[in-house]
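Biologist: I am new to this structure and would like a close look at a single part of it. Please take me through one helix, the loop after it and the helix that follows, with attention to surface and charge.

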Amino acid sequence: ALGMGPGMRLPSPRVEEDPVAAGFDESLLGLGMPPDRVAELTLDAVAEGRFLVMTHPKVTLKRIEQRYHELRDAAAACPDTGY
């Protein structure tokens, strides 16, 4: 791996440092999309010149809309800088 010198090792797995996060990771693996389907979507996107590959477009769109509202509200709360 890049930057790995003699005697160095990778950090301990996430399971050892945070069992809650590890459980979340395991649940995602069970709910995730098969790798061959992700590969198919990725190849289609490359062939069509699309930059983003959205494996779960409904969830992604919902999160984009949530984030838009968060940013809009934060911008509205900022003082006027004159620009």
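Modeller: What follows is a walk along that part, from the one helix to the other. Keep in mind that the model is predicted.

The starting point is helix α3, which covers residues 35-48. Helix α3 has 14 residues and reaches 20 Å from its first C-alpha to its last, close to the 20 Å expected at 1.5 Å a residue. Leu-43 lies in this helix. Although its side chain is that of a leucine, Leu-43 counts as exposed, because its relative accessible area is 60% and the cut-off for exposed is over 50%. Between Leu-43 and Val-53 there are 9.4 Å in space, C-alpha to C-alpha, and the two are 10 residues apart in sequence.

Just after α3 comes Gly-49, with a positive phi of about 75°. A salt bridge is found at this end of the part too: Glu-48 pairs with Arg-50, and their closest N and O atoms are 2.9 Å apart. Side chains of opposite charge can pair when their charged atoms come close. Glu-48 is exposed, with a relative accessible area of 55%, whereas Arg-50, at 40%, counts as partly exposed.

The loop between α3 and α4 also holds Leu-52. Leu-52 belongs to a nonpolar patch on the surface, together with Phe-51, Met-54, Leu-61 and Ile-64. The accessible area of these residues together is about 550 Å².

Helix α4 covers residues 57-77. Here the charged side chains deserve a look. Arg-63, Arg-67 and Glu-70 are linked in a network of salt bridges. Glu-70 takes part in both of the pairs described next. With Arg-67, the closest N and O atoms are 3.1 Å apart; with Arg-63, the corresponding distance is 3.4 Å. Glu-70 and Arg-67 are separated by about one helical turn, because they are 3 residues apart in helix α4.

As for accessibility, each member of the network counts as partly exposed: Arg-63 at 39%, Arg-67 at 41% and Glu-70 at 37%. For the structure as a whole, a search finds 5 salt bridges. Among them are the pair of Glu-48 with Arg-50, the pair of Arg-63 with Glu-70 and the pair of Glu-70 with Arg-67.

Conventions
Residues are numbered from 1 along each chain as its sequence is written. This is a predicted model: local features need pLDDT of at least 70, side-chain atom pairs count only at pLDDT 80 or more; totals for chains, interfaces and linings use all residues. Side-chain values use heavy atoms; hydrogens and water are left out. Patches are made of residues with over 30% relative accessible area and no salt bridge: like charges are joined within 9 Å, nonpolar side chains (Val, Leu, Ile, Met, Phe, Trp, Tyr) within 5 Å. Accessible areas come from the Shrake-Rupley method with a 1.4 Å probe; for residues, only the protein chains shown count as cover. A salt bridge is a side-chain nitrogen of Lys or Arg within 4 Å of a carboxyl oxygen of Asp or Glu. Helices (H or I, at least four residues) and strands (E, at least two) are DSSP runs, numbered from the N terminus. The expected span of a helix is 1.5 Å times one less than its number of residues. Buried means under 20% relative accessible area, exposed over 50%, partly exposed in between (1.4 Å probe, protein chains only).
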